[in-house]
Amino acid sequence: MQSIDVIDSHTGGEPTRLIVSGGPDLGRGPLHERVIRFREEFDHVRRAVTLEPRGSDVLVGGLLCEPHDVSCDVGVIFFNNVDYLGMCGHGAIGLISSLEYQGKIGPGVHAIDTPVGKVTAELAPSGLVSVANVKSFRHAAAVTVDVPGLGSFTGDVAYGGNWFFLVTSLPEGLELPKLRVHDHARWTDMGVRLRAALAANGITGDSGAYIDHVEFFGPPEDPAHDSRNFVLCPGGAFDRSPCGTGTSAKLACLAADGKLAPGALWAQESIIGSVFSCSYQEGSEPGTILPTIAGTAFVSATASLVIDPRDPFRHGFAAAGTGATE
Ligand code: PYC
């Protein structure tokens, strides 16, 4: 029997399952190299942790590991039901709250090594975690794509630790519900079709990077906030949180359009009404920003996952047909 110890948390409703022991040993190399090893040699662990019967399409996993960057306190590799993530904002907040729950850290600034670089997270005594994310930027503005059966969408391609298409205008005459969680199936369907059209039309991030997240925006439910979003994640689930990397990409677009000044606050509401409070500083390279995303996570479970060699589904199965199966 193999057992994997995890801490489950949620950040604004979006779950993170952190492997704290029993995960694969990927060596001591840079984290972007360790991800390759994870994918090639230990992908069954990703599937066992995130897919049914132990997980679900919405779950984001994280492997806690030693940092490679000696200026960092911990390392983490995030993954989901279909693949690995460069960074994960809600996951970084969940990581910090899980380490606090374990008694390993207290209030203060903690540096985290990720496959896309170093991020820092400040834990306040209140439990609020402010993540200073990786350099973010808009790659292309006002890109138009025709989605078969739906019409022409326009949006920006931006990076916030993952690649996003941020929709700025919808096809004329398309009747759409408000951004409410009970209409998630409609938004998901539109996002999936839009993402496929981006790929079919060769619309990518830098160096041909696949755009695996799609964001829609609408007015906030709470007038104290600036915006509400719906974020389609790579494996077909939608982010219950406002999405840390997606909001970083959004800030990069707002900054590029001169719509948000450095240091000004942006309150991003998710489809379920949870909120990240965000701001940015200008990056050292023109057109780049350094976003900060603040939110709160709560630990919801600690568990030992058991992998029984006799279990035909020990490495998970993708009920929704989005994840890889053995
Ligand atoms: O918070 O960055 C994020 C995120 C990415 C995918 C799900 N959540």
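**Note on the predicted model: strands, helices and their burial**

1. Strand S13 (residues 227-232) is mostly covered, with six of its six residues buried. The covering extends to both faces of S13: Ser227, Asn229 and Val231 are buried on one side, and Arg228, Phe230 and Leu232 are buried on the other. As the model is a predicted one, this description and those below concern computed features.

2. The pairing of S13 involves two strands named here. Strand S12 (residues 213-218) is joined to S13 by five bridges, and these strands run antiparallel. Within that pairing, Phe217 stands opposite Asn229 in S13. Strand S14 (residues 266-269) is joined to S13 by two bridges, and here the strands run parallel. The bridge partner of Arg228 in S14 is Glu269. Asn229 and Arg228 are thus listed among the buried residues of S13, and each also has a bridge partner, Phe217 for Asn229 and Glu269 for Arg228.

3. Strand S10 (residues 151-159) is also mostly covered, seven of its nine residues being buried. S10 pairs with S9 in the antiparallel sense over eight bridges. S10 pairs with strand S11 (residues 163-169) over six bridges, again in the antiparallel sense. Thr154 takes part on both sides: Thr154 in S10 is the bridge partner of Thr144, and Thr154 stands opposite Ser169 in S11.

4. Both of these connections are hairpins. Three residues lie between S9 and S10, and in this hairpin Gly149 takes a positive phi near 85 degrees. The hairpin of S10 and S11 likewise has three residues between the strands, and Gly161 in its turn has a positive phi of about 110 degrees.

5. Where does Val143 lie? Val143 is placed in strand S9 (residues 136-147). The relative accessible area of Val143 is 15%, under the 20% limit, and Val143 therefore counts as buried. Leaving aside neighbours within four places in sequence, the contacts of Val143 are Phe153, Thr154, Gly155, Val157, Phe165 and Ile203. Val157, one of these contacts, is 14 residues from Val143 in sequence, with a C-alpha to C-alpha separation of 7.6 Å.

6. Helix H4 (residues 184-200) has 17 residues, and its first and last C-alpha atoms are 24 Å apart, close to the 24 Å expected at 1.5 Å a residue. The buried residues in H4 are Trp187, Thr188, Met190, Gly191, Leu194, Arg195, Ala197 and Leu198. What covers the buried residues of H4 includes S9, S10, S11, S12 and S13, which links this helix to the strands described above. An α-helix has 3.6 residues a turn, so residues three or four places apart point the same way. Just after H4, Gly202 takes a positive phi of about 70 degrees.

7. Why is helix H3 described as largely enclosed by the rest of the structure? Eleven of the 13 residues of H3 are buried, and therefore the helix is largely enclosed. The buried residues are Gly89, His90, Gly91, Ala92, Ile93, Gly94, Leu95, Ile96, Ser97, Ser98 and Leu99. H3 (residues 89-101) reaches 19 Å from its first C-alpha to its last, close to the 18 Å expected at 1.5 Å a residue. Gly103, just after H3, takes a positive phi of about 80 degrees.

8. Helix H5 (residues 244-256) has 13 residues and spans 18 Å between its first and last C-alpha atoms, close to the 18 Å expected at 1.5 Å a residue. H5 is mostly covered, with eleven of its 13 residues buried. The buried residues are Gly244, Thr245, Gly246, Thr247, Ser248, Ala249, Lys250, Leu251, Ala252, Cys253 and Leu254. Gly258 follows H5 and has a positive phi, near 70 degrees.

9. Helices H1 and H2 can be treated as a pair. The axes of H1 (residues 31-41) and H2 (residues 43-50) come within 5 Å and cross at roughly 80 degrees. Angles of 65 to 115 degrees count as roughly perpendicular, and H1 and H2 are therefore roughly perpendicular to each other. By class, the contact of H1 with H2 has two nonpolar, one polar and four charged residues. On the H1 side the residues are Phe38, Arg39 and Glu41, which meet Asp43, His44, Val45 and Arg46 in H2.

Methods. Residues numbered from 1 in each chain as written. Predicted model: local features only at pLDDT ≥ 70, side-chain atom pairs only at ≥ 80, totals over all residues. Heavy atoms only, no water. Helix = DSSP H or I, 4+ residues; strand = E, 2+ residues; numbered from the N terminus. Expected span 1.5 Å × (residues − 1). Buried < 20%, exposed > 50% of the residue type's maximum accessible area, 1.4 Å probe, protein only. Axes fitted to C-alpha atoms, helices over the stretch in contact; angles between N-to-C directions. Parallel < 35°, antiparallel > 145°, perpendicular 65-115°, else oblique. Contact = heavy atoms within 4.5 Å. Nonpolar A, V, L, I, M, F, W, Y, C, P; charged D, E, K, R; others polar. Pairing = 2+ DSSP bridges.
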